[in-house]
Amino acid sequence: MAAEGLEVLLETEEIDAIVDRVAGEISERYDDGVVLVAVLRGSVPFLADLVRAMSIRSVVDFVAITPYTPGTGRVRFLMDITTDLTDRDVLVVEDIVDTGLTSAFLLGELSRRQPESLSICTFVDRPARRVVPVDLDHVGIQIPDEFVIGYGLDHKGRYRNVRVLATADTAVLERDPDAYVQELYGA
Ligand code: IMP
């Protein structure tokens, strides 16, 4: 029986098809290669699949930023890229765009470094909770207002390496953080 609140949205094969489609879009768009700026940690599985499915040259770099929590002030860098973005085509790679605060922060910061172009690619777009409007150039899947885990997305560090994307009930996970382990890892 399925665990309460857990529903697979994308099986691994469906994820692969989405990644191929997005990689195709990106490969068509940039003639002269692209700098991928991936947001740690959630975007790592998507980045790894995406960059290998792309047929153009690319440079990969990473940022880590403080998660936005209401009342704590602004988003800031925990780790910055070392790549020079001057006159480069730059694509930010995200796991999910939710409030849009991460994307808006990165667009603001990276645009000051004189890139030739600056765009955003996200595996998941959840527009329901958007606080800041952001233009998303490449989107894997748009989902309704539900918390998701798997394919890089976690709940308190768990479930990132699950090979499907699934909805999760955060109330269930607050009660028992391992509530979905058996269902998702077969353990
Ligand atoms: P933002 O609200 O658009 O700035 O997104 C901030 C970050 O919150 C994302 O990059 C994710 O790491 C995390 N996040 C937002 N929604 C979810 C979710 O449904 N599952 C897991 N992580 C999430």
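Strand β6 is mostly covered, with 8 of its 9 residues buried. This strand, which spans residues 117-125, offers a convenient point of entry into the structure, which is a predicted model. Its pairing with β5 is parallel and extends over 8 bridges. Within that pairing, V92 stands opposite I120 of β6, and V97 has D125 of β6 as its bridge partner.

Strand β5, residues 89-97, is likewise mostly covered: 9 of its 9 residues are buried. Besides its pairing with β6, β5 is joined to β2 by 4 bridges, and these two strands also run parallel. Here V37 stands opposite V92 of β5. V92 therefore appears in both pairings, since a residue of a strand can face one partner in β2, namely V37, and another in β6, namely I120.Helix α3 covers residues 101-111, and its buried residues are L101, S103, F105, L106, E109 and L110. An α-helix has 3.6 residues a turn, so residues three or four places apart point the same way. The buried residues of α3 pack against five strands: β2 (34-39), β3 (58-65), β4 (77-79), β5 (89-97) and β6 (117-125). The strands β2, β5 and β6 met above are thus among the packing partners of this helix.

One residue of a loop can be followed into the same region. I81 is placed in the loop between β4 and β5. Is this residue buried or exposed? I81 has a relative accessible area of 9% and is buried, because the limit for burial is set at under 20%. Leaving aside residues up to four places away in sequence, I81 touches V37, D61, F62, V63, L110 and R113. Among these contacts, V37 is the residue that stands opposite V92 in β5, and L110 is one of the buried residues of α3. A separation of 25 residues along the chain lies between I81 and I56, and their C-alpha atoms are 21 Å apart.

A further group of strands forms an open sheet. It consists of 3 strands in the order β1-β9-β8, with antiparallel pairing. The edge strands are β1 (7-10) and β8 (148-149), each of which pairs on one side only. Between β8 and β9 (residues 165-167), the antiparallel pairing rests on 2 bridges. In it, V148 stands opposite T167 of β9.

Several loops carry backbone features that merit inspection. The peptide bond from L40 to R41 is cis, with omega near 0 degrees. R41 is found in the loop between β2 and α2 (44-53). Two residues other than glycine have positive phi values. Q114, in the loop between α3 and β6, has a phi of about 55 degrees. Q114 is exposed, and its relative accessible area is 53%. K156, in the loop between β8 and β9, has a phi near 50 degrees. K156 is exposed as well, with a relative accessible area of 59%.

These parts may now be placed within the whole chain. The protein chain contains 5 helices and 9 strands. From the N terminus on, the elements run β-α-β-α-β-β-β-α-β-β-β-β-α-α. The radius of gyration is 17 Å, close to the 16 Å that the globule rule gives for 187 residues, so the chain is as compact as a globular protein of that length. Along the principal axes, the C-alpha atoms fill a box of roughly 55 × 40 × 25 Å.

Burial and contacts complete the description. Of the 187 residues in the protein chain, 45% are buried. Among contacts between residues at least 6 apart in sequence, 63% join residues at least 24 apart. The chain exposes about 9600 Å², of which carbon and sulfur atoms supply 48%. The charged side chains comprise 18 positive and 33 negative ones, and the centres of the two sets lie 7 Å apart.

Notes
Residues numbered from 1 in each chain as written. Predicted model: local features only at pLDDT ≥ 70, side-chain atom pairs only at ≥ 80, totals over all residues. Heavy atoms only, no water. Rg over C-alpha atoms; globule rule 2.2 N^0.38 Å. Buried < 20%, exposed > 50% of the residue type's maximum accessible area, 1.4 Å probe, protein only. Contact = heavy atoms within 4.5 Å. Areas by Shrake-Rupley, 256 points an atom, 1.4 Å probe, with all protein chains shown as cover. Lys, Arg positive; Asp, Glu negative; His and termini not counted. Charge placed at Lys NZ, Arg CZ, Asp CG, Glu CD. Pairing = 2+ DSSP bridges.
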